[in-house]
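Here are some friendly notes to read alongside the model. Keep the 3D view open and look for each part as you reach it.

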Amino acid sequence: MTSSQPNRIDDRLDAAWIWDRIARAVIFLGGISAIVFVVAIFAFVAKEGLGFIFQKLDLGFFFSSPEWRPAQEPEPEFGGLALIAGTASITGLAMLIAVPFSLGVAIYIGEFATGKVRETLKILVELLAAIPSVVWGFIGLTILNPIIIDLFDVPVGLTVLNAGIILGLMAAPIMTTIAEDALKAVPDSYREAAEAMGATRWQVIRQVVLPSASKGLVAAILLGVGRGFGETMAVLMASGHAINIPTSPFDSARALTATIAAELGDTARGSDHYKALFSLGILLFLVTFVINLLADVLVRKGASDRS
Amino acid sequence: MADGTQPRPAQASPAGPTSTPDASAAAICVRDFNLWYGDFQALFDVNLQVTRGKVTSLIGPSGCGKSTLLRSINRINERLGYVRTSGAIELLGQDILAEGVELTPLRRSVGMVFQRPNPLPLSIRDNVLFAYRLSKGGKTKRADEDQVLQEALEEVLLWDKVKDRLKRSATALSLEEQQKLCIARLLPIKPSVLLMDEPCSALDPKATRAVEELIWKLRGEYSILIVTHNMAQARRASDECIFMLMGEVVEHTATGEMFVTPKHQKTADYIEGRFG
């Protein structure tokens with residue numbers, strides 16, 4: 001209000017006002033588009049698959065039979081149990097590897113490492129998260145495969161074990177980053193208070209830091225599980241892609257995601273096979289949606305508990 | 001040296017450790033103590049003694065090194081990682097800066113109360129028993145714990161208020177109750193010294209009064225060193241008073257004397273509010 005007429009408010013529209021409106025509009029569009037895309041994707045997947053699920057798919061058979069023969073003539077079979085078991089076993093094994101690994105790294109970075117070591121480690125973990133999944137699949141195929149064959153004296157190295165290790169290493173970086181954020185959100189005054197009472201570093205972590213970060217840590221694990229469920233390329237390359245309910249880590253298996261990726265290109269648009277693959281997509285969508293929602297709720301609850 | 005120190009006879013303290021080599025009246029004795037944060041020197045040749053069983057207050061303007069000195073006595077300062085020191089700090093005759101001194105037993109014999117009440121995000125019961133359980137190596141018999149819990153909370157006049165909600169989170173208490181709880185949790189392991197870093201600065205006047213009365217009640221059984229910005233508090237609630245300026249001890253006398261006849265011009269200026 002540096003106008004020469006101090007009695008009047010200068011109400012001209014200036015450049016700042018115009019830029020403010022433009023910026024607001026662009027940001028609004030950006031924000032709203034995220035929602036629009038999610039809804040659109042869900043609508044598309046549902047349109048292609050939902051009708052098939054309710055009209056043709058025998059859900060009892062789908063959840064109980066391992067017979068996935070979508071191209072069989074005259075009567076194709078859509079049994080999803082082997083695929084579900086494949087995804088579950090690979091993800092489960094991956095989490096057995098990723099959870100201790102990522103929590104350990106997060107605790108080291110968050111509670112022990114200082115200065116340059118800490119910064120370097122954080123950068124390395126983020127770099128690890130940026131490795132494309134096809135590269136991980138390649139590592140599984142060409143490096144881990146012969147190692148598993150040699151080490152365990154088995155005929156095939158493309159197994160649940162291989163895919164689980166690869167997936168565990170893939171999921172660990174993002175889990176580490178989120179777990180470390182959860183540890184960082186624990187107020188330092190808690191650590192100081194406990195240390196001033198004579199607690200050792202481990203006692204501080206075990207009795208104070210981990211319990212107060214527990215919700216964030218669970219969220220990190222859940223996001224890792226979601227990542228495992230959704231991963232496609234690396235699993236396709238490392239698992240052996242065999243329709244089979246795995247009974248040991250040395251069995252080959254096939255994941256839901258890998259099935260879609262491998263078969264969708266060969267199907268006729270609108271055919272039962274095509275629609276069955278979309279049904280798998282809906283299943284995946286629902287599972288990852290629930291997992292992410294759960295993780296989100298836990299993160300928020302953790303944040304509100306602390307305040 | 002702190003010329004103004006007035007040695008007093010050691011108080012027979014029922015709870016204090018009895019194995020002191022000399023008959024010195026000092027609970028804490030700081031000798032030629034220097035401290036650097038990186039390249040910045042925060043304390044210069046500090047020499048002082050804290051008389052056993054008395055309340056000694058540390059006063060001085062912001063940044064004069066009061067809190068730094070306090071935080072050196074339980075070595076919590078070292079958490080920062082870039083702290084260097086020289087000189088000696090003796091706790092009941094033992095040099096705590098000597099090589100091989102373990103931090104865990106040191107911190108059990110030196111309790112600290114922080115400026116901002118910092119109960120742990122646990123139940124009231126688990127908070128009070130936290131240090132006790134650490135010292136016992138884990139949970140102990142329920143009956144023993146119940147007794148320790150009740151004694152500690154009664155000592156800080158909190159028992160009647162919280163006895164029905166011991167399982168509730170301690171962070172839900174009022175600030176005054178939290179600060180009393182933070183004092184209570186130190187008592188079960190019988191520290192010989194209590195360090196308090198502006199324990200009332202986050203509290204309202206009524207709560208301040210309550211906590212001050214508590215501090216005065218603990219005097220005798222514990223040797224207390226308290227950092228305060230509040231001149232009236234130092235005057236009301238301490239036996240001796242140490243005035244620090246720019247990382248050095250300027251004056252150390254009986255509280256009554258310092259506020260009536262300060263020896264140094266700087267002290268007089270500060271307590272009369274001309275700076276700081």
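1. Let's begin with one rung of a ladder: Tyr37(B) has Val83(B) of β4(B) as its bridge partner. That rung belongs to a set of 8 bridges joining β1 (residues 26–37) of chain B to β4(B), and the two strands run antiparallel. Helices (H or I, at least four residues) and strands (E, at least two) are DSSP runs, numbered from the N terminus. Two strands count as paired if DSSP finds at least two bridges between them.

2. A word on what you are looking at: this is a predicted model, in which local features need pLDDT of at least 70 and side-chain atom pairs count only at pLDDT 80 or more, while totals for chains, interfaces and linings use all residues. Residues are numbered from 1 along each chain as its sequence is written, and chains are lettered from A and ligands numbered from 1 in the order in which they are written.

3. Back to chain B, where an open sheet of 4 strands is ordered β2-β1-β4-β5 with antiparallel pairing. Each of β2 (40–51) and β5 of chain B has a single partner strand, so one side of each lacks a neighbour in the sheet. Helix α1 (residues 66–73) of chain B packs on this sheet and touches β1, β2 and β4 of chain B; its direction makes about 65° with that of β2(B). Axes here are lines fitted to C-alpha atoms, for helices over the stretch in contact, and angles run from 0 to 180 degrees between N-to-C directions. Residues are in contact if their C-beta atoms, placed from the backbone, lie within 7 Å.

4. What is the sign of phi at Leu92(B)? Phi is positive there, at about 50°, although Leu92(B) is not a glycine. Find this residue in the loop between β4 (83–91) and β5 (94–95) of chain B. Most residues other than glycine have a negative phi, and most peptide bonds are trans. Chain A offers a cis peptide bond, between Glu73(A) and Pro74(A), with omega about 0°. Pro74(A) sits in the loop between β1 (68–69) and β2 (77–78) of chain A.

5. Chain B also has an open sheet of 6 strands, in the order β6-β7-β8-β3-β9-β10, with mixed pairing. At its edges are β6 (110–113) and β10 (248–254) of chain B, each pairing on one side only. Within the sheet, β3 (residues 55–59) and β8 (residues 223–227) of chain B run parallel and are joined by 4 bridges. One to look up is Val55(B), whose bridge partner in β8(B) is Ile224(B).

6. Now turn to two helices of chain A. Helix α7 (residues 188–196) and helix α8 (residues 201–230) of chain A pack at an angle of about 160°, with axes 10 Å apart. That makes α7(A) roughly antiparallel to α8(A), a term for angles over 145 degrees. Their contact involves Tyr190(A), Arg191(A), Ala194(A) and Glu195(A) of α7(A), and Val204(A), Val208(A), Val209(A) and Ser212(A) of α8(A).

7. How do the chains meet? In all, 15 residues of chain A are in contact with 16 residues of chain B. On the chain A side, α7 and α8 are the elements giving two or more residues, and α7(A) supplies the largest share, 7 residues.

How values were computed
Angles under 35 degrees count as roughly parallel, over 145 as roughly antiparallel, 65 to 115 as roughly perpendicular and the rest as oblique. Two residues are in contact if their C-beta atoms, placed from the backbone, lie within 7 Å.
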